[in-house]
Amino acid sequence: MKITIVYDNEVKSENLKGGWGFSSLIEIPNIPPILFDTGADSHTLLHNMKVLGIDARRIGIIVISHAHGDHTGGLRGILEVNKETEIYVPASFGGAIPGRKVTTVTEPLQISKKVFSTGELKGIEQSLAMKTDKGILVVVGCSHPGVGEIIDAASKFGKVYGVIGGFHGFRDFNRLSGLSLIVPCHCTQYKSEILELFPQQCVRCGAGLVLEQ
Ligand SMILES: [Zn+2]
Ligand SMILES: [Zn+2]
């Protein structure tokens, strides 16, 4: 399984564009890639995909974590390029996407081989729980329900070993001890504290980061 950060506040290479938002691509052998969130704007998203060698037309499923613009802003642009993709949105997303198969998520469910949604937590946001050989890897958008709550919800699929994404104002740092992979991205307010507390477990986030799990 390969996870690529496509859109983030920071970049890993000068060729990529940064912006306030988040998007990541999940690639599992033999199934079409899954795009989790779309960043704040199509231009940056599609530019970064091009630089990273990601063919937007091949994406089979788009999952939107929550309805905030820094996660949904690139959706329109990608749907113009990709006419086939299915979409999973939390119930709070609202609004229709004409001509597309859209699944509205409230309860936990399986999205594809090895990939599950936590369900919409606290009426705002869903996260991904992915089954790997190491256990469950969680990918989050902004963590509005709370990182601890999301880890608890993802734990029903197995033992969580890693979390990637925006942690927002999360500061209950004890909840991260025991994890072997911590990648605080995007809106994480206490990023420098987390990187300092868990230097062995942390990977610095940025568009262009590729993690093989
Ligand atoms: Zn948000
Ligand atoms: Zn956000």
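Donors, in this tour, are N, O and S atoms within 2.8 Å of the metal (3.2 Å for Na, K and Ca), and since water is not among the atoms, sites may look incomplete. The model is predicted, so local features need pLDDT of at least 70 and side-chain atom pairs count only at pLDDT 80 or more, while totals for chains, interfaces and linings use all residues. Residues are numbered from 1 along each chain as its sequence is written, chains are lettered from A and ligands numbered from 1 in the order in which they are written, and side-chain values use heavy atoms, with hydrogens and water left out.

Select the zinc ion (ligand 2) to begin, and you will find its protein donors, Asp-70 (OD), His-71 (NE2), Cys-142 (SG) and His-186 (NE2), lying 2.1 Å from it. The angles that these four donor atoms subtend run from 86 to 148°, which makes the arrangement irregular, because four donors count as tetrahedral only if all angles lie between 85 and 135 degrees, and as square planar if opposite donors are over 155 degrees apart and all others between 65 and 115. Now add the zinc ion (ligand 1), which is 3.8 Å from the zinc ion (ligand 2).

Next, select Cys-142 and His-186, both of which are buried (under 20% relative accessible area with a 1.4 Å probe, protein chains only).

Finally, move to helix 1 (residues 42–51), where a helix is a DSSP run of H or I with at least four residues, numbered from the N terminus. Ser-42, Thr-44, Leu-45, Asn-48 and Met-49 are buried there, and just after the helix Gly-53 takes a positive phi of about 75°.

Conventions
Buried means under 20% relative accessible area, exposed over 50%, partly exposed in between (1.4 Å probe, protein chains only). Helices (H or I, at least four residues) and strands (E, at least two) are DSSP runs, numbered from the N terminus. Four donors count as tetrahedral if all angles lie between 85 and 135 degrees; four count as square planar and six as octahedral if opposite donors are over 155 degrees apart and all others between 65 and 115; anything else is irregular.
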